[in-house]
Amino acid sequence: MVKIDTIELGEFPLLLAPMEDVSDPPFRALCKEQGADVVYTEFVSSEGLIRNAAKSVMKLDIYEKERPVGIQIFGANLDSMLQTIDIVERSKPDIIDINFGCPVKKVVSKGAGAGILKDVCLMEKLTAEMVKRTNIPVTVKTRLGWDHDSIKIVEVAERLQDVGIKSIAIHGRTRAQMYKGSADWKPIAAVKNNPRMHIPVFGNGDVDTPEKAALMRDEFGLDGAMIGRASIGNPWFFKQVKHYFKTGEHLAPISLEARVEAARRHLQMSIDWKGEVLGVFETRRHYTNYFKGIPHFKEYRMKMVTSDHSKDVFAAFDEVLDKFAGYQFTV
């Protein structure tokens, strides 16, 4: 049984990674329905939150059906991060996660996200003070290091554990790699195999097939997998992995009807939550994967990703059902 503090997650839990403009309430709801054991919000800027920026505040919306749910925050200023803890507590998340891994330049340039990997002492100090500030379990998501020559993740994880975090998720790339190359899970396994570590160690990066999830569990010995890009437009990924764990076989391909229904619900929930304009715009990135594999699909995909009105996108879904009725997906 893997536990984050007192939150029981079963054996080898699957976590939906926090992803900007992706892991919002509509998408989290779909992933939860399909087997995600923990879901995380998009990352929330501490500076935006203490200034009451509408976009940052909106990201604190969480719902009972999502639990256990974590709110992820990022920043590099201690006072701002502590104020953020106080604000976040009002939303009553099950977990507060600190982002020490985002590689995006506008975040890193402020010393936040992966930028803090250049100053492990500051990372430790920020974490310690945030843990003291709240009774909600605090967790961390980070990367292996700033670059290949500065990988100290075993030491970093130990120091963060010692100041009170309840789990750590590690992306198997450095900041210098961004999302290029292959994720290296060996250093993550080294963290897990450190005899001083007693909190869950979750792996992240390149888990895009059930076989890779099994490899992370069986050969690398990690406590769970955090799923990011593989879930975009594919909330069934969690169900597929669990089916493979249970049976050793792949789940039957998701039908066209189920894909269209999920895309419809996703779009409608997005509109209900953030309004027509943003709801339509921010759901676009999922459609390629929802319908991946259908031949000669470009015409319909273009309608979905260029239409500014939901009625046109819903009409495109109807066209897809009619045009490709009976199409059998292979994966």
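A disulfide is a pair of cysteine sulfur atoms within 2.5 Å. In this predicted model, the count by that rule comes to 0 disulfides. The sulfur of Cys31 has its closest cysteine sulfur in Cys102, at 19 Å, which is too far for a bond. Seen from the other side, the closest cysteine sulfur to that of Cys102 belongs to Cys31, again at 19 Å and too far for a bond. Cys31 is buried, with a relative accessible area of 0%. Cys102 likewise counts as buried, at 8% relative accessibility.

The overall form of the chain was examined next. The chain has 331 residues, for which a compact globule would have a radius of gyration near 20 Å; the value for the chain is 20 Å, in agreement with this. The C-alpha trace spans about 60 × 45 × 35 Å along its principal axes. The secondary structure consists of 15 helices and 11 strands. Of the 331 residues, 56% are buried. Among contacts with a separation of 6 or more, 70% are between residues 24 or more positions apart. The accessible surface of the chain is about 14700 Å², and carbon and sulfur atoms account for 51% of this surface.

Helix H1, residues 25-33, contains Cys31 among its buried residues. In this helix 8 of the 9 residues are buried, so H1 is largely enclosed by the rest of the structure. The buried set is made up of Pro25, Pro26, Phe27, Arg28, Ala29, Leu30, Cys31 and Lys32. These residues pack against three strands and three helices listed here by name: strand S3 (14-16), strand S4 (38-40), strand S6 (69-74), helix H10 (237-247), helix H11 (256-274) and helix H13 (287-290). After H1 comes Gly35, which has a positive phi near 115 degrees.

Helix H8 was treated in the same manner. H8 covers residues 186-193, and Pro187, Ile188, Ala189 and Val191 are buried in it. The partners of the buried residues of H8 are helix H7 (153-162), strand S9 (168-171) and strand S10 (201-204).

Aromatic rings were then considered. A pair of aromatic rings is described by the distance of the centres and the angle of the planes. The whole structure holds 13 aromatic pairs. For Tyr290 and Phe291, the ring centres are 6.3 Å apart and the planes stand at 55 degrees, so this pair is tilted. Both Tyr290 and Phe291 are buried. These two residues belong to one aromatic cluster, which also takes in Trp236, Tyr287, Phe297, Tyr300, Phe314, Phe317 and Phe324.

Charged side chains also lie over aromatic rings. The charged end of Lys118 is placed over the ring of Trp146, at 4.2 Å from the ring centre. Arg259 lies over the face of Phe329, and the distance to the ring centre is 3.7 Å.

Several features of the backbone remain to be described. Most residues other than glycine have a negative phi, and most peptide bonds are trans. The bond between Arg67 and Pro68 is a cis peptide bond, with omega about 0 degrees. Pro68 is located in the loop between helix H3 (54-58) and S6. S6 is also one of the strands against which the buried residues of H1 pack.

Positive phi values occur at residues other than glycine as well. Asp5 is not a glycine, yet its phi is positive, at about 60 degrees. The residue is in the loop between strand S1 (3-4) and strand S2 (7-8). With a relative accessible area of 35%, Asp5 is partly exposed. Lys92, also a residue other than glycine, has a positive phi near 55 degrees. The loop that holds Lys92 runs between helix H4 (78-89) and strand S7 (95-100). Lys92 counts as exposed, at 59% relative accessibility.

Helix H4 also contains Asp86. The relative accessibility of Asp86 is 28%, and Asp86 counts as partly exposed. Between Asp86 and Val138 the separation is 52 residues in sequence and 13 Å in space, taken from C-alpha to C-alpha.

Notes. Residues numbered from 1 in each chain as written. Predicted model: local features only at pLDDT ≥ 70, side-chain atom pairs only at ≥ 80, totals over all residues. Heavy atoms only, no water. Phe/Tyr/Trp six-rings, centres within 6.5 Å; stacked < 30°, edge-to-face > 60°. Buried < 20%, exposed > 50% of the residue type's maximum accessible area, 1.4 Å probe, protein only. Lys NZ or Arg CZ within 6 Å of the ring centre and 35° of its normal. Helix = DSSP H or I, 4+ residues; strand = E, 2+ residues; numbered from the N terminus. Contact = heavy atoms within 4.5 Å. Rg over C-alpha atoms; globule rule 2.2 N^0.38 Å. Areas by Shrake-Rupley, 256 points an atom, 1.4 Å probe, with all protein chains shown as cover.
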